[in-house]
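Student: I am new to this structure and should be grateful for a close look at a single part of it. Would you please take one strand, describe its surroundings, and then relate it to other parts of the model?

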Amino acid sequence: MPINPDNIKAQMRKGFLEFCILQIISKRPAYVSDILNELKKAQLIVVEGTLYPLLSRLKNGGYLAYQWQESVQGPPRKYYELTDEGHRFLNELEESWDELQSAVAIIKSDNF
Amino acid sequence: MKKTLTINLNGQVFNIDEDAYQTLRQYLEDLGRHFAPEERDEILKDIEAQIAELFTERLANRNVVEMPDVLAVMDTLGQPSQFGDEEEAAPSEPSQSSQSSQPSDTGEARKRPRKLYRDTDNKWIGGVCSGLAAYMDWDPTILRIIFLAVFLLGIGSPLFIYILLWICMPEANSVAQQLEMRGVEPNVDNIRNFSSRTDVSQPKDSGTMGRVLKVLVIVLLSLIGLSLFATIFGIFMAAVLAGFHLVPWFTAGVNEILLLLSVALFLLCPAISIVMFCVYLVNNQKPRHKWVIWTLVLLWLISIAGMAVTGVRTYNNRHNLDVGRFLWELKQSETPMHDEWVDENTFPVLKIDTGTVAQSGDSSISHE
């Protein structure tokens, strides 16, 4: 398979994105717009549509749960929160993130 | 002025322009195709909820969702190809994967297999020719000319084929279908391009080949039309002459006159159509007076029926006449034969068996 820079960037961002979503939700229960705002602020996603399949897959994997909450305007909203398994998964991801970060830091700082 | 539809998004009611609705529906269908079946419904529900929220935000004081709103929402949510994670999902379109995150690569350059639709935006009759032309990337005028030529030459049954295609081919209603008809991926950008293009409905320039062909066809059609009119005039005159017994040796009954008029009508309808076709062809415009065409078709069918009925009747009359003449001739030839060598007493049975023939012969004999 030929190396496609865009593809590799997308792949890097993809794994990273799930990590960040879990991070956002772990702080407090969040609904889609909250998550989107955070992600946009961090300039992590280009289009909102990316989020929905990720949320759905995380939920189906048992890492997320949601409950309906009334909102001031409009119909009730889905508020996502982490399950126990979600918390464990987030910890694992954090560990591997730290590992990756230090690995990259070591390699980048090593001047031979 | 536009027609609006009422839609329900996540329990909220929106009024939406028809074109905007078509685009939104196509978008949701595209999204649906992108996700795996087991997660599709839920994701689409979430997305619909988000769309409802975005619409509410955008509408503020307005009542109707319009095309710009839908396009803006589609921009915010993005195309399935931009989601960048379709490796697991979308088993149906594996080739499209990993073309991620660049809206520019969804331009018109990306072709897909064309679909056969009736192009009712450029139609003359049912949009069959224009649809076929779009499918084969031809000029519809050339296809129409071929169709008409085949029809006039009487090869096969193009009329029947046309009606069959008319029934079989679906109409290209939405912008997305019109794009599919031309083999263009019906995504946001292309739909936007297509919608904003002003020259969509204008007839295409047919090129030098097309123009030369056009002139040839006009000349040919004029000749055919002229000869048809001459024939019709002749038939009409014949009907008048025969009907009013203006010429002693050429008379006809009501049936024969009706037959002649039916034939004249049968020729007149295509003749008028040819003239109209030529006028439209010269002016490079679509047929406007639909009712004229339909009236002509109706008259033409009536003339066929008329020809059938009066033709059969005339043939029967003619047959009777012929039988009469035959009997008369027989009678004429019978008399001398009788005199020469037929003895009445020898063949008494013949008289009874041949019925009228023998009887009339008999009477002529008795006259002598």
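Tutor: A definition is needed at the outset: two strands are said to pair if DSSP finds at least two bridges between them. The model is a predicted one, and the part chosen here is strand β3 of chain A, which covers residues 77–82.

Two partners of β3(A) may be described in turn. Strand β2 of chain A, residues 64–69, runs antiparallel to β3(A) and is joined to it by 6 bridges. Within this pairing, A:Tyr66 has A:Tyr80 as its bridge partner. Strand β1 of chain A, residues 30–31, is also antiparallel to β3(A), with 2 bridges between them. Here A:Ala30 has its bridge partner in β3(A) at A:Tyr80. A:Tyr80 is thus a bridge partner of both A:Ala30 and A:Tyr66.

The surroundings of the strand come next. Buried means under 20% relative accessible area. Because 5 of the 6 residues of β3(A) are buried, the strand is largely enclosed by the rest of the structure.

An exposed site in chain A offers a contrast. Helix α4 of chain A, residues 84–109, contains A:Glu99. A:Glu99 has a relative accessible area of 54% and is therefore exposed. On the surface, A:Glu99 gathers with A:Glu92, A:Glu95 and A:Asp98 in a patch of negative charge.

Chain B may be viewed in the same manner, beginning with its strands. Strand β1 of chain B, residues 4–9, pairs with strand β2 of chain B, residues 12–17, in the antiparallel sense over 6 bridges. In this pairing, B:Phe14 of β2(B) stands opposite B:Ile7. The two strands form a hairpin with 2 residues between them, and B:Asn10 in the turn has a positive phi of about 55°.

The helices of chain B also include buried and exposed residues. In helix α3 of chain B, residues 67–77, the buried residues include B:Val70, B:Leu71, B:Val73 and B:Met74. After α3(B) comes B:Gly78, with a positive phi near 90°. By contrast, B:Phe233, which is found in helix α9 of chain B, counts as exposed because its relative accessibility is 56%. B:Phe233 forms a nonpolar patch on the surface with B:Phe236, B:Met237, B:Val254, B:Leu258 and B:Leu261, and together they have about 570 Å² of accessible area. Helices α9 (207–243) and α10 (254–283) of chain B are the elements that give two or more residues to this patch.

Note on methods
Residues are numbered from 1 along each chain as its sequence is written. Chains are lettered from A and ligands numbered from 1 in the order in which they are written. This is a predicted model: local features need pLDDT of at least 70, side-chain atom pairs count only at pLDDT 80 or more; totals for chains, interfaces and linings use all residues. Side-chain values use heavy atoms; hydrogens and water are left out. Patches are made of residues with over 30% relative accessible area and no salt bridge: like charges are joined within 9 Å, nonpolar side chains (Val, Leu, Ile, Met, Phe, Trp, Tyr) within 5 Å. Accessible areas come from the Shrake-Rupley method with a 1.4 Å probe; for residues, only the protein chains shown count as cover. A salt bridge is a side-chain nitrogen of Lys or Arg within 4 Å of a carboxyl oxygen of Asp or Glu. Lys and Arg count as positive and Asp and Glu as negative; His and the chain ends are not counted. The place of a charge is taken as NZ of Lys, CZ of Arg, CG of Asp or CD of Glu. Helices (H or I, at least four residues) and strands (E, at least two) are DSSP runs, numbered from the N terminus. Buried means under 20% relative accessible area, exposed over 50%, partly exposed in between (1.4 Å probe, protein chains only).
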